[in-house]
Amino acid sequence: MKKALITGVLGGIGSALAQSFRENGYYVYGLDIRDTDDHQADQLIQFDLHRFSTDDAYRSEWKLKFYALIPELHVLVNNAAVQLLDGLDDLKLSDWNHTMSVNLTGPLLLSQHFLDQLEEVNGCIINIGSIHQQLTKRRFISYATSKSALIGLTRALAVDLEGRVRVNAISPAAIETDMLLAGFDGNQSALDELRRIHPVQRIGCPNDVAKMALFLASESSGFIHGANLTLDGGISSVLKDL
């Protein structure tokens, strides 16, 4: 049985990823900062990605734990992310650093730690980016920068690792998760407008991301390497007249 590790597994996209990989024959390890009995992974591991990126002692402790908990790995999905919003006038350095540690440094360190296991089985790394790596809006300075850098990291790792491990990214646009819905605070008309401006006439669902991740993990995508696959319902092609 192939093994997949998914970070941020309790979120909307993370849950869909875990469910889809399990349904397709994978054993799924899920990492999340929260702990609950309600999850889609085979094994949920409570883990603080921010601390792993910033605390040397915590990182050393977890490297040892990972060797015992996850001795074999075929797919690493770097999905966990934080979205701390502020304009430049009010942006806090602590929020900027927290965003970079979770959204960028964490994926780097996990990729580095699990490299040997992934290489041994011709495995792959899948980074979950965002449309904000290309198109963004006000107050998304930290988030957009981190996702742009994650796509840069994807390409750099693909070149650096050559034939050892495949590395690709998925950059979704609006996906109907609790995080997105919370941002609209019950404003149904705004949500309807968001759906309408996508040429496909809907916003994405978490399973859209999961299906693409499964494809990237499969042998059918063996020639895809260093790619950033845009999953946006056509919205990045829209020029809106005023």
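These legends walk through several close-up views of a predicted model.

**View 1. The open sheet and its edges.**
Let's start with the sheet, where 7 strands line up in the order β3-β2-β1-β4-β5-β6-β7. The pairing is parallel, and the sheet is open. At the edges stand β3 (43-46) and β7 (228-231), each with a single partner strand, so one side of each has no neighbour in the sheet. From one strand to the next, the twist averages 20 degrees.

**View 2. Strand β6 and its two partners.**
Here we look at strand β6 (residues 166-172), with 7 of its 7 residues buried, so this strand is largely enclosed by the rest of the structure. Arg166, Asn168, Ile170 and Pro172 point one way from β6, while Val167, Ala169 and Ser171 point the other way. Both sets are buried. Strand β5 (residues 124-128) runs parallel to β6 and is joined to it by 5 bridges. On the β7 side, the pairing with β6 is also in the parallel sense, over 4 bridges. Ile170 is a handy landmark: Ile128 stands opposite Ile170 in β6, and Ile170 in turn stands opposite Leu229 in β7.

**View 3. Helices resting on the sheet.**
Next come two helices, α3 and α4, and the strands they touch. Helix α3 packs on the sheet, where it is in touch with β2 (27-32) and β3. The direction of α3 makes about 170 degrees with that of β3. Helix α4 lies across β1 (3-7), β4 (75-78) and β5, and α4 runs at about 170 degrees to β4.

**View 4. Where α3 meets α4.**
Two packed helices are described by the angle between their axes and the distance between the axes. For α3 (residues 56-69) and α4 (residues 93-113), the axes come within 11 Å and cross at roughly 45 degrees. That angle makes α3 oblique to α4. The crossing of the two helices is right-handed. On the α3 side, the residues in contact are Arg59, Lys63, Phe66 and Tyr67; on the α4 side, they are Leu109, Leu110 and His113. Sorted by class, this contact has 4 nonpolar, 1 polar and 2 charged residues.

**View 5. Asp208 and its surroundings.**
Our last stop is Asp208, found in helix α9 (residues 206-217). Is Asp208 buried or exposed? Its relative accessibility is 15%, so Asp208 counts as buried. Leaving aside residues up to four places away in sequence, Asp208 touches Arg202 and Leu231.

Methods: Residues are numbered from 1 along each chain as its sequence is written. This is a predicted model: local features need pLDDT of at least 70, side-chain atom pairs count only at pLDDT 80 or more; totals for chains, interfaces and linings use all residues. Side-chain values use heavy atoms; hydrogens and water are left out. Axes are lines fitted to C-alpha atoms, for helices over the stretch in contact, and angles run from 0 to 180 degrees between N-to-C directions. Angles under 35 degrees count as roughly parallel, over 145 as roughly antiparallel, 65 to 115 as roughly perpendicular and the rest as oblique. A crossing is left-handed if the near helix is turned anticlockwise from the far one by less than a right angle, and right-handed if clockwise. Contact means heavy atoms within 4.5 Å. Ala, Val, Leu, Ile, Met, Phe, Trp, Tyr, Cys and Pro count as nonpolar, Asp, Glu, Lys and Arg as charged, and the others, Gly among them, as polar. Buried means under 20% relative accessible area, exposed over 50%, partly exposed in between (1.4 Å probe, protein chains only). Two strands pair if DSSP finds at least two bridges between them.
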